[in-house]
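Trainee: I should like to take a close look at one part of this model, namely its charged side chains and their pairing. Could you take me through them in a connected account?

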Amino acid sequence: MDNALAFIVVEDRQNKTLRLCREAAARAGEPLVVLAGTDAGYAYRRFCEVYVHLSSNTPEFEKICFRRYFLLADHLAAHPDCHEFVLIDSDVLLFRGVGAHIARLVGQADFCGSFIRPADGWNPCQISPHVSYWTAAGLRDFVACVVEMYSTPADVRRLRDIAERFAARGVRGGVSDMTLLHLWAETSGNVEPINRVFDGQVIDHNINGGTNHLAGEFRVRGGAKRLVFIDGRPCLWTPAHDPVRVLALHFQGSAKMAMQHALHGRVRTVAALTWALQMARRAKNTVYGIASRVRRILDTLRLAGTLAAKSSADRNVP
């Protein structure tokens, strides 16, 4: 495997988040390619024709998330010398040594993504691509699988079942590209997590909270994993007070506001800022859960009223 493993971001917005991502990659000495195009060609248009929306997010948002794989496929077709790469989101900070770490970790896999191992009986059926290893063959196979699944009634029923599980729990989400990644990875045998601890090093799944691949895997300070710099290298702390070198940090959602502070070692600011953001996020999720329960109750009452009216009308028929 070539040590110069390419890192690719698919992002058409030139914003502060992308600038920090570029700066971190340059500091880490990792080559970063930014795909800023939005025309994903015929295959993507075909996908949009068969797409079935099963998410609490907007259809436009979900389609953009899927679009990146089709843009990547076009990029690889134009660069046949690129046989493997790491896809990252623009809200990821890379640190020195991440490319070599991933090259050792992935083995012979065609794909290696990030996910939390279910621990409470709830499996959201999601693998995140925010830091994910791909071979060109794996990417082509996944793109074909996405179009096929949305074109197959039995597969669409399976996706609807997953979306209904989210609705029953009153949580945001549903079916997204992460769902399709999970299903494809299981079928293709590419299920090893990229965010597992390996050789005393780790890739972050989500800086918000202590869970990584395992629940409560790392200690928390403020609203994020406890981050310290030892000899200039960022580390996370386990509950046993052991440092684990972190090679990529994912600032999901509003935590993007803490990216610059983390990049420049201002760890206490990261803790305070993410704590405030966590409180706001909890309030939002609580409101969403209450609204979901109210909608279900109203739907039940409307159904009961309709049935009662129908029953009364039937009794009055001579």
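**Charged side chains and their partners**

Mentor: D91 is buried, as its relative accessible area is 6%. The model discussed here is a predicted one. The side chain of D91 meets that of K256 in a salt bridge, with 3.1 Å from N to O. This pair connects distant parts of the chain, 165 residues apart: D91 sits in the loop between strand 3 (84–88) and strand 4 (92–94), and K256 in the loop between strand 12 (243–250) and helix 8 (259–263). K256 is partly exposed, with a relative accessible area of 31%.

A second pair is formed by R104 and D199, whose side chains meet in a salt bridge at 3.9 Å, N to O. R104 belongs to helix 4 (residues 98–106) and D199 to the loop between helix 7 (177–188) and strand 7 (201–203), so the salt bridge ties together parts that are 95 residues apart in sequence. R104 is partly exposed at 44% relative accessible area, whereas D199 is exposed at 57%.

In a third pair, D204 forms a salt bridge with K225, and the closest N and O atoms are 3.0 Å apart. Here too distant parts of the chain are linked, 21 residues apart, with D204 in the loop between strand 7 and strand 8 (220–221) and K225 in strand 9 (residues 224–225). Both D204 and K225 are buried.

The structure holds twelve salt bridges. R19, E23 and R27 are linked in a network of such bridges.

D155, in helix 6 (residues 153–169), is buried yet has no salt bridge. The nearest side chain of opposite charge to D155 is R158, 4.9 Å away; a salt bridge requires a nitrogen within 4 Å of a carboxyl oxygen. Leaving aside residues up to four places away in sequence, D155 touches E148 and M149.

D39 offers another setting, in the loop between strand 2 (32–35) and helix 2 (41–50). D39 is exposed, with a relative accessible area of 59%. Residues up to four places away in sequence aside, D39 touches R45, L71 and D74. Between D39 and F70, 31 residues apart in sequence, the C-alpha to C-alpha distance is 9.2 Å.

As for the whole protein, there are 39 positive and 31 negative side chains, and the centres of the two sets lie 9 Å apart. Buried residues make up 47% of its 318 residues.

How values were computed. Residues are numbered from 1 along each chain as its sequence is written. This is a predicted model: local features need pLDDT of at least 70, side-chain atom pairs count only at pLDDT 80 or more; totals for chains, interfaces and linings use all residues. Side-chain values use heavy atoms; hydrogens and water are left out. Buried means under 20% relative accessible area, exposed over 50%, partly exposed in between (1.4 Å probe, protein chains only). Lys and Arg count as positive and Asp and Glu as negative; His and the chain ends are not counted. The place of a charge is taken as NZ of Lys, CZ of Arg, CG of Asp or CD of Glu. Helices (H or I, at least four residues) and strands (E, at least two) are DSSP runs, numbered from the N terminus. Contact means heavy atoms within 4.5 Å.
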